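User: Please go through this structure with me in questions and answers.

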Amino acid sequence: MDTRYIIAGISIVSLGAVLGLYAYLTGLTSLLGISTSIILVGAVLTVLGYSYGEPTTNLLIDYFRNLSPFITSILEDLRLSNILPSSRISGESIYIILSRRNPADFDELNPGVNIVGGEAVYVIPIPHEYTVPVSSELYEIEARLRDTLVGEYGLCTDIDLNRSGELIRLRVIGVDRRLFDIPLTPLNPLDLTILSILTKLLGKGLYIERRVIEGSEYIAEFRVLG
Amino acid sequence: MRRIDLFTLSFTVAAALSNIILILLGESRPDVYVSITILIYYIFYSIVNPFQERVVKTVNYLNIILFLIFSVIVGYRVYEILYT
């Protein structure tokens with residue numbers, strides 16, 4: 001989706017409609033033809049903007065789809081296929097963790113597969129740049145999350161963030177349909193992206209308590225780790 | 001330049017030029033403007049396909065709708081010539 005094209009298209013359609021109305025009322029048939037032509041151009045731009053997907057995005061979706069069976073089989077072997085990911089900050093790094101145990105329990109985290117107390121723990125380090133200061137205000141976190149998910153990634157049309165104590169509830173509205181076509185395995189792009197960005201913004205570890213997909217909405221509840 | 005930008009630029013410039021030419025020719029039938037714009041759309045869509053080889057559902061619907069509009073206009077004109 002390219003929102004600039006959609007905005008331009010809708011504006012042109014509106015302009016054409018006003019011009020068409022004027023032409024109809026004054027009986028100027030040639031102007032009516034021009035206005036219909038303008039409406040057509042606007043409609044084409046709107047549809048193009050709505051349908052457009054960056055070629056790289058398609059490549060990444062295909063890449064993930066191809067990689068997904070491999071990741072899923074590894075996670076099934078580790079008995080982690082039904083686990084929702086959690087995050088933890090340790091020193092200068094953020095780690096995404098797949099484990100049946102509380103991620104706050106681990107003293108040492110090594111990237112890859114770890115065995116702690118006989119249980120598999122899968123650890124993925126996330127690059128963490130300390131360029132953005134950690135936010136404490138909810139509206140600020142929401143604005144930054146919106147900037148990244150809507151403005152930078154074009155992942156959705158809007159977000160809604162609520163917090164009550166240590167529980168954060170996030171609604172991601174109008175998620176790109178193509179992301180729902182790919183399997184929502186534990187390491188899917190939606191969970192990983194949202195979790196890692198939210199962790200960076202909060203400066204605290206999180207774990208996903210609940211995650212559901214309702215229509216084109218992604219709804220998740222995160223609990224902040226102490 | 002992205003293909004979508006190239007397509008949009010070519011299509012809008014060509015559509016504007018065609019409208020100007022039709023005005024200068026004193027054309028007053030609205031359907032002529034519409035059909036020429038649709039033709040221009042198809043010409044540029046085939047030359048500069050903004051979606052390359054990918055099949056995009058919404059654009060397919062747009063193509064079908066535009067083709068139907070064009071067919072109705074042409075059909076009406078043919079009917080007019082034959083039966084009036």
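Analyst: Buried means under 20% relative accessible area, exposed over 50%, and partly exposed in between (1.4 Å probe, protein chains only). Helices (H or I, at least four residues) and strands (E, at least two) are DSSP runs, numbered from the N terminus. This is a predicted model, in which local features need pLDDT of at least 70 and side-chain atom pairs count only at pLDDT 80 or more, while totals for chains, interfaces and linings use all residues. Residues are numbered from 1 along each chain as its sequence is written, chains are lettered from A and ligands numbered from 1 in the order in which they are written, and side-chain values use heavy atoms, with hydrogens and water left out.

User: How many of the 14 residues of α6(A) are buried?

Analyst: Helix α6 of chain A runs over residues 189–202. Its buried residues include Leu190(A), Asp191(A), Ser196(A) and Leu202(A). The helix is largely enclosed by the rest of the structure, because the number of its 14 residues that are buried is 11.

User: Which residue has a side-chain oxygen that reaches the backbone nitrogen of Leu190(A)?

Analyst: Leu190(A) is itself among the buried residues of α6(A). At the start of this helix, its backbone nitrogen has within 3.0 Å a side-chain oxygen of Asn188(A).

User: What phi does Gly203(A) take?

Analyst: Gly203(A) comes just after α6(A). Its phi is positive, at about 70 degrees.

User: Which residue has a positive phi although it is not a glycine?

Analyst: Most residues other than glycine have a negative phi. The exception here has a phi of about 60 degrees and lies in the loop between α3 (55–77) and β1 (86–90) of chain A. At 52% relative accessibility it counts as exposed. The residue is Arg79(A).

User: Which residues are joined with Glu142(A) into one network?

Analyst: The structure holds 14 salt bridges over all chains, each a side-chain nitrogen of Lys or Arg within 4 Å of a carboxyl oxygen of Asp or Glu. Glu142(A), buried at 16% relative accessible area, meets Arg146(A) in one of them (3.3 Å, N to O). Both lie in helix α4 (residues 138–152) of chain A, 4 residues apart, about one turn of the helix. Salt bridges that share partners join Glu142(A) into one network with Arg146(A) and Asp158(A).

User: How far apart in sequence are the parts that Glu217(A) and Arg171(A) tie together?

Analyst: The closest N and O atoms of this salt bridge are 3.0 Å apart. Glu217(A) lies in strand β8 (residues 217–224) of chain A and Arg171(A) in strand β6 (residues 167–173), so the parts they tie together are separated in sequence by 46 residues.

User: Is Glu217(A) buried or exposed?

Analyst: Arg171(A), at 25% relative accessibility, counts as partly exposed. Glu217(A) has a relative accessible area of 18%, which means it is buried.

User: Which strand holds Glu209(A)?

Analyst: The side chains of Arg223(A) and Glu209(A) meet in a salt bridge (2.6 Å, N to O). Arg223(A) lies in β8 of chain A, so the pair ties together parts 14 residues apart in sequence, with Glu209(A) in strand β7 (residues 206–214).

User: How many helices does chain B have?

Analyst: Buried residues make up 37% of the 84 residues in chain B. Along the sequence the chain follows the pattern α-α-α. It has 0 strands, and its helices number 3.

Methods. The expected span of a helix is 1.5 Å times one less than its number of residues. A polar contact is a pair of N or O atoms within 3.5 Å; within protein, one must be able to donate a hydrogen and the other to accept it, and residues adjacent in sequence count only if both atoms are side-chain atoms.
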